[in-house]
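Good morning, everyone, and thank you for making the time. I would like to walk you through a structure that may be new to you, so please have a look at it before I go on.

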Amino acid sequence: MWVQVDSVNKPGILLEVVQVLTDLDLTISKAYIISDGGWFMDVFHVADQQGNKVTDTKTIEYIEKALGPKGHTLAKDGVKSWPGSKRVGVHSIGDHTAIELVGKDRPGLLSEISAILTNLHINVLAAEVWTHNMRVACVLYINDDTTCRAVEDPIRLSSIEEQLKNILRGPDDDGKTARTNFSIGWTHMDRRLHQMMFADRDYEVKSEVLDYDAPSFRPIITVDRCKDKGYSVVNVRCKDRSKLLFDIVCTLTDMQYVVFHASVSSEGPYALQEYYIRHMDGCMLDTEGEKERVVKCLEAAIRRRVCEGLSLELCARDKVGLLSEVTRILRENGLSVTRADVNTVGEKAKNVFYVRDASGNPVDTNTIEGLCKEIGHTMMLNVKKDPSSSKAPESKKWAKTSFFFGGLLEKFLA
């Protein structure tokens, strides 16, 4: 299905549109973007996660409403969002306090954090955790385990903050700041995690995970100049995956770059994306240092969401301390969580953990079998191996495309 958006151009509109489509779990296989002058025109080819055409009437009506002239609303903090966008805890969670954590990653850290919160009589309603380059960013939605209300008492919040900071610093403090932050209200989870890791400068650290250096994981990113049009041209070639377009556009936006034109396509399992950008002040990327920083930041944005190995999907009746119990079992079985998505839907807890062993290697079969025996009688456990190709891309020239302002739309719609 093709989605076309025509609108008056305004700062951040591309990210807003991509965010709506991404939050519906739609995959974007092709896109044509143009926003020269005062007008904005995007065309996206979208499908569901299985690659099928979107035929659900409610989904189509929602897209039309969300991207229409009255689709967006201005939140209290000034951030624009659409009703139903991906906000952790939208499933009748009730009052909550949001905790943001950033620090050095280590095996068992999530278990330590959730244990501390349980001891402080705090219930975790929802959470999302990303790790990259030995750094961790986490957003948790919590409330009091007795009143089921948001935690607002300054003295109690100060105590929680101090204990969480001590956990984040750990025994081998590397000198980089461990940060905690509290807020009451909703936030767009993926956008916030990108902002947190970008502010933490995770892109400056060399990855210590060997598998990430395999050819199938290494994005090819170049930054060139289009002097006749006054743009810097960013080309990205990497393994295609869900939410890739969102991650790249989000990062360019946070780096204060404006996308004027872009084309998105794929070649087998690989994504090909080309962006014509300028800085918000209208300038191109003039120095090698600027170009190198863009390459590093985009590579980090792409890798943050990559999780090789096993995913454990757990479903159980929700209860206070469930996250602490589950992560303790994972830690005791020698598993390290590289990414986590924790949600509460009604009375059910639905959690997904991406795991490796404590050394960062793939998990062996015996460990998984032991884990299934230990928790299989109390909750549903589904073990999945994330599909990935260790085969390197074929050695051939990467044909760089030229941006012709007429003809590309017809090419994509063909």
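Please keep in mind that what you see is a predicted model. Let me begin with the strands, where S14, covering residues 310–317, runs antiparallel to S16, residues 348–357, and the two are joined by 8 bridges. To place that pairing in the sequence, you can look for Arg-317, whose bridge partner in S16 is Lys-348. S14 also pairs with S17, residues 380–385, again in the antiparallel sense and over 6 bridges, and here Cys-315 has Met-380 in S17 as its bridge partner.

Now please turn to helix H2, which spans residues 57–66 and has Thr-59, Ile-63 and Ala-66 as its buried residues. When we look down the axis of H2, these buried residues fall within an arc of 75°, so they line one face of the helix. That fits a general rule, which is that an α-helix has 3.6 residues a turn, so residues three or four places apart point the same way. Among the elements that cover the buried residues of H2 are strand S1, residues 2–8, and helix H1, residues 13–23, whereas the face of H2 turned away from its buried side carries Lys-58, Glu-64 and Lys-65, which are exposed.

My last stop is a single residue, Asp-247, which sits in helix H6, residues 244–254. Is Asp-247 buried or exposed? Its relative accessibility is 0%, and therefore Asp-247 counts as buried. Leaving aside residues up to four places away in sequence, Asp-247 touches His-194, Arg-241, Ala-301 and Arg-305.

Technical notes: Residues are numbered from 1 along each chain as its sequence is written. This is a predicted model: local features need pLDDT of at least 70, side-chain atom pairs count only at pLDDT 80 or more; totals for chains, interfaces and linings use all residues. Side-chain values use heavy atoms; hydrogens and water are left out. Buried means under 20% relative accessible area, exposed over 50%, partly exposed in between (1.4 Å probe, protein chains only). Helices (H or I, at least four residues) and strands (E, at least two) are DSSP runs, numbered from the N terminus. The arc is that of the directions from the helix axis to the C-beta atoms. Contact means heavy atoms within 4.5 Å. Two strands pair if DSSP finds at least two bridges between them.
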